[in-house]
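Visitor: I should like a close look at a single part of this model, namely its largest pocket. Please describe the lining, and then what lies beyond it.

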Amino acid sequence: MRSNSSPDKLDRKTIERNRRIHMKSLCFKLTSLVPPHHFKPSKDMLSQQDQLDQVATYIKQLRDRVQELEGRKIKLSLGTSGSKNNTKDSIMTGSRLPVVELRESGSTLEVVLVSGLEKNYLLYEVISILEDEGAEVLSATMSTVGDKVFHTVHAQVRISRFGVETARACQRLQELVC
């Protein structure tokens, strides 16, 4: 009898070991999808459980951001502003174009430019201005909705001790799109 139970026990141990290895690789793959600046402190200093908690937090933030952007998209496509007090929404849906919006969050920047179809400027000009002011562009998108052109650029500070001249960058971007 013992000889039969011993191989079964080894098979279970092997199966369990393989399952743990597989779960570890899946956790590693999941945490690698989250930008490194999201982990506080660094990913190397956190336990696997803490990493998974921060990944869950990041996913919730992304979901909230997507819902917010979908709401804004619907408002823009309908051409109505949900609240008269929200100047950003009224600018975005009103006829006062172009719009230059620069948001800074720590070492990251988000630039949103909204203009009409008649205003011609190239995305590389926007990127050049940001790079001149000390930012490294991570991603840039352009979309057209109705008669409006939306540019969104995500960047980060190239050299942290110098930062980015956001006021100057915003002024140069306004000069470009106006």
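Guide: Helix H2 supplies nine residues to the lining of the largest pocket, the largest share of any element. The model is a predicted one, and the pocket in question encloses about 1,300 Å³ of space. Its lining comprises 34 residues, of which Arg-65, Leu-69, Glu-110, Thr-152 and His-154 are the closest to the centre. Besides H2, which spans 48-78, the elements that give two or more residues to this lining are S1, S2, strand S3 (135-145) and S4. By character, the lining divides into 14 nonpolar, 13 polar and seven charged residues.

From the pocket we may turn to the nonpolar interior. The largest nonpolar core has 16 residues, and Val-111, Leu-113, Val-126, Leu-130 and Leu-173 have the most contacts inside it. Two or more residues come from each of strand S1 (99-105), strand S2 (108-116), helix H4 (123-132), strand S4 (148-157) and helix H5 (166-177). Of these, H5 gives the most, with four residues. In soluble globular proteins, nonpolar side chains tend to be buried together.

Leu-113 merits a closer view. Beyond its neighbours within four places in sequence, Leu-113 is in contact with Val-99, Val-100, Tyr-121, Val-126, Val-149, Phe-150, His-151 and Val-177. One of these partners, Phe-150, lies in strand S4. Phe-150 has a relative accessible area of 11% and therefore counts as buried, the cut-off being under 20%. Between Phe-150 and Pro-98 there are 9.9 Å from C-alpha to C-alpha, although the two are 52 residues apart in sequence.

Definitions and conventions: Residues are numbered from 1 along each chain as its sequence is written. This is a predicted model: local features need pLDDT of at least 70, side-chain atom pairs count only at pLDDT 80 or more; totals for chains, interfaces and linings use all residues. Side-chain values use heavy atoms; hydrogens and water are left out. A nonpolar core is a set of buried Ala, Val, Leu, Ile, Met, Phe, Trp, Tyr and Cys residues joined through side-chain atoms within 4.5 Å. Buried means under 20% relative accessible area, exposed over 50%, partly exposed in between (1.4 Å probe, protein chains only). Contact means heavy atoms within 4.5 Å. On a 1 Å grid over the protein atoms alone, a cavity is a set of points where a 1.4 Å probe fits but cannot get out, and a pocket is an open set with protein on both sides within 12 Å along at least five of seven lines; lining residues have an atom within 4 Å of a point. Grid points are joined across faces, edges and corners, and a volume is the space filled by probe spheres set on the points. Ala, Val, Leu, Ile, Met, Phe, Trp, Tyr, Cys and Pro count as nonpolar, Asp, Glu, Lys and Arg as charged, and the others, Gly among them, as polar.
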